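Student: I have the structure open and want to test the vocabulary. Can we go term by term?
Tutor: Yes. Ask what each label rests on.

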Amino acid sequence: MTEYEPVIGLETHIQLNTTTKIFCSCKADSWYDPPNSNICPVCTGLPGVLPVLNKVVVEKAVLLAAAMHAEIRPISYFDRKNYFYPDLPKGYQISQYDMSLARGGYLDLPMTQQGYVRHISITKLHIEEDAGKTKNEAGMRLIDFNRCGVPLVEMVTGPDLRSADEAAQYLIRLRQLLRWLGVSEADMEKAHLRCDANVSIRPKGASYLNPKTEIKNVNSIEAVRAAIDKEIERQVREVTAGRHIESWTLEWDEDAGVLRKMRSKETEADYRYFREPDLLPIRLDDTWKQSILMELPELPLERRARFIAQYGLPEYDADILTGERRLSDYFEAAVKAYGGDPKRVSNWLMNDVLRMLNDRGITVAELRLTPDYLAQIIRLVDAGTINTSTGKSLLQKVEETQRAPQEIVQSEGLARINDDAAIRDVCQAVLAENPKEVASYKAGKTTLAAWFVGQVMRKMRGKADPSLARAILEELLKG
Ligand SMILES: [Zn+2]
């Protein structure tokens with residue numbers, strides 16, 4: 001039996017998080033607004049209006065292109081993509097065709113669990129405006145033009161992805177990068193990041209490309225994974241039965257978990273592209289370009305690699321800590337303030353601080369437990385001033401009160417009791433109160449030692465040094 005490998009490319013539309021639209025001053029993000037509330041003669045395509053390019057769109061797109069390692073063109077042009085659809089009031093979309101803002105580029109995907117890195121090439125990166133949206137309701141076709149003129153970057157990968165898993169990973173890494181750069185909210189549920197997937201199969205080892213199908217309307221990472229897996233299965237079934245794959249456009253029906261045929265795919269010629277006569281080319285001179293690139297931060301994958309090399313972190317830790325830019329900044333600040341083993345800071349962050357964020361439903365930016373306070377708490381535990389469980393509750397107390405850890409330890413008397421005499425008194429009391437357990441211990445049930453330690457810790461509200469308590473108890477029980 002022939003073994004097949006999937007060949008997948010992704011087309012993504014990224015909504016840039018500008019305040020206003022790309023060619024007019026209407027508000028860009030209308031997610032929470034009523035239909036047709038953010039529109040004007042420009043974005044609804046009334047006769048006689050002229051578009052004016054939003055400079056911030058270019059700046060955010062340049063930043064993204066640089067982060068994707070693309071070559072940025074000093075001069076690029078807008079083109080009209082002509083097609084007829086009710087949600088496109090002008091009858092054309094202003095896009096970029098042959099001389100787009102950037103060319104080439106790539107994104108590397110570390111497949112951490114599988115232990116390899118997949119290199120994904122970028123074949124297209126351009127700026128364009130969004131169209132509106134239509135929906136059917138109560139037997140009517142309704143149109144909302146709010147999205148018309150919302151700035152997008154379209155980015156297309158080469159046919160480099162080899163599984164639904166890799167496609168999902170690409171979107172996860174892209175979303176991470178977009179948020180890291182601050183160019184998009186990248187929320188798939190709010191259509192800030194949309195994805196179409198091109199899928200074909202070929203015998204394993206072959207290098208040619210077979211006809212592909214395009215899956216539209218997948219708006220979550222899980223949906224992308226499910227839809228691609230379904231389509232691979234279908235194509236293998238068809239080809240195994242001796243049938244050909246036709247270049248269909250398929251729509252993913254999330255509720256039913258099935259793909260439906262929408263139409264046969266358009267070709268580029270159907271769009272009759274020509275230069276947009278109402279807009280000047282984008283001239284990105286060196287001064288402007290340099291001022292934009294000054295904002296280019298260390299990228300997530302670079303920082304991930306550095307965390308592994310510089311701090312000796314496992315890949316797993318480095319992945320989580322660089323999942324979000326603020327979190328990775330927080331980690332570095334805490335490591336610096338702590339001065340000890342970075343892995344220890346990583347453990348506290350990943351186990352306790354992230355859980356606290358989750359429980360409280362807050363973001364790293366909203367944390368009142370500063371990196372400095374976290375470092376102080378770990379040092380208090382290291383020094384034996386407080387035990388680990390007190391350290392964990394101290395995290396919560398600092399977060400709630402924003403007071404310095406040391407201050408809380410003092411005012412609440414949380415310091416661990418290392419005083420032999422104080423612990424000895426409590427040990428004696430516990431033994432005196434539990435004669436039956438003492439008798440069983442002496443009769444050979446030495447596993448009760450842990451139970452006695454527990455009783456002592458309870459009486460001392462967790463502040464006793466447990467190993468000291470155990471030693472004293474064993475000594476007293478021998479006597
Ligand atoms: Zn407008």
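Student: Which residues lie nearest the centre of the second largest pocket?
Tutor: I172, R175, Q176, G323 and E324, among 23 lining residues. Keep in mind that this is a predicted model.

Student: What makes a residue count as lining?
Tutor: An atom within 4 Å of a pocket point. In the second largest pocket, 23 residues line the space, which is about 740 Å³.

Student: Which elements give two or more residues to that lining?
Tutor: β7 (106–111), α2 (164–181), α6 (315–321) and α7 (325–338). Of these, α2 gives the most, with 9 residues.

Student: What is the make-up of that lining by class?
Tutor: It has 9 charged, 7 polar and 7 nonpolar residues. G323, one of those nearest the centre, counts as polar because Gly is placed in that class.

Student: Why is the space lined by C43, L88 and P89, among others, called a cavity?
Tutor: A cavity is a set of points where a 1.4 Å probe fits but cannot get out, whereas a pocket is open. The structure holds 1 cavity of 30 Å³ or more. The largest cavity has a volume of about 30 Å³. Its lining also includes K90, E129 and D130. By class, that lining has 5 nonpolar, 1 polar and 3 charged residues.

Student: What makes the largest nonpolar core a core?
Tutor: Its members are buried nonpolar residues joined through side-chain atoms within 4.5 Å. There are 71 of them, and those with the most contacts inside the core include L10, M68, M155 and Y170. Leaving aside neighbours within four places in sequence, Y170 is in contact with L10, M68, M155 and L161, among others. A second core of 35 residues is separate, and it includes L321, F331, M350 and I408.

Student: How do you know that the length of α9 fits a helix?
Tutor: Set the span against the expected value. Helix α9 (residues 371–382) has 12 residues. At 1.5 Å a residue, 16 Å is expected, and α9 reaches 17 Å from its first C-alpha to its last, which is close.

Student: Why are L374 and I378 called buried?
Tutor: Buried means under 20% relative accessible area. L374 and I378 are buried, as are Y373, A375, I377, L380 and V381. Residues three or four places apart in an α-helix point the same way, because there are 3.6 residues a turn. What covers the buried residues of α9 includes α7, α8 (342–360), α10 (388–401) and α11 (405–412).

Student: Which residue with a positive phi follows α9?
Tutor: G384, with phi near 80°.

Conventions
Residues numbered from 1 in each chain as written. Predicted model: local features only at pLDDT ≥ 70, side-chain atom pairs only at ≥ 80, totals over all residues. Heavy atoms only, no water. 1 Å grid on protein atoms, 1.4 Å probe; cavity = no way out; pocket = protein on both sides within 12 Å on 5 of 7 lines; lining within 4 Å. Points joined across faces, edges and corners; volume = space filled by probe spheres on them. Helix = DSSP H or I, 4+ residues; strand = E, 2+ residues; numbered from the N terminus. Expected span 1.5 Å × (residues − 1). Buried < 20%, exposed > 50% of the residue type's maximum accessible area, 1.4 Å probe, protein only. Contact = heavy atoms within 4.5 Å.
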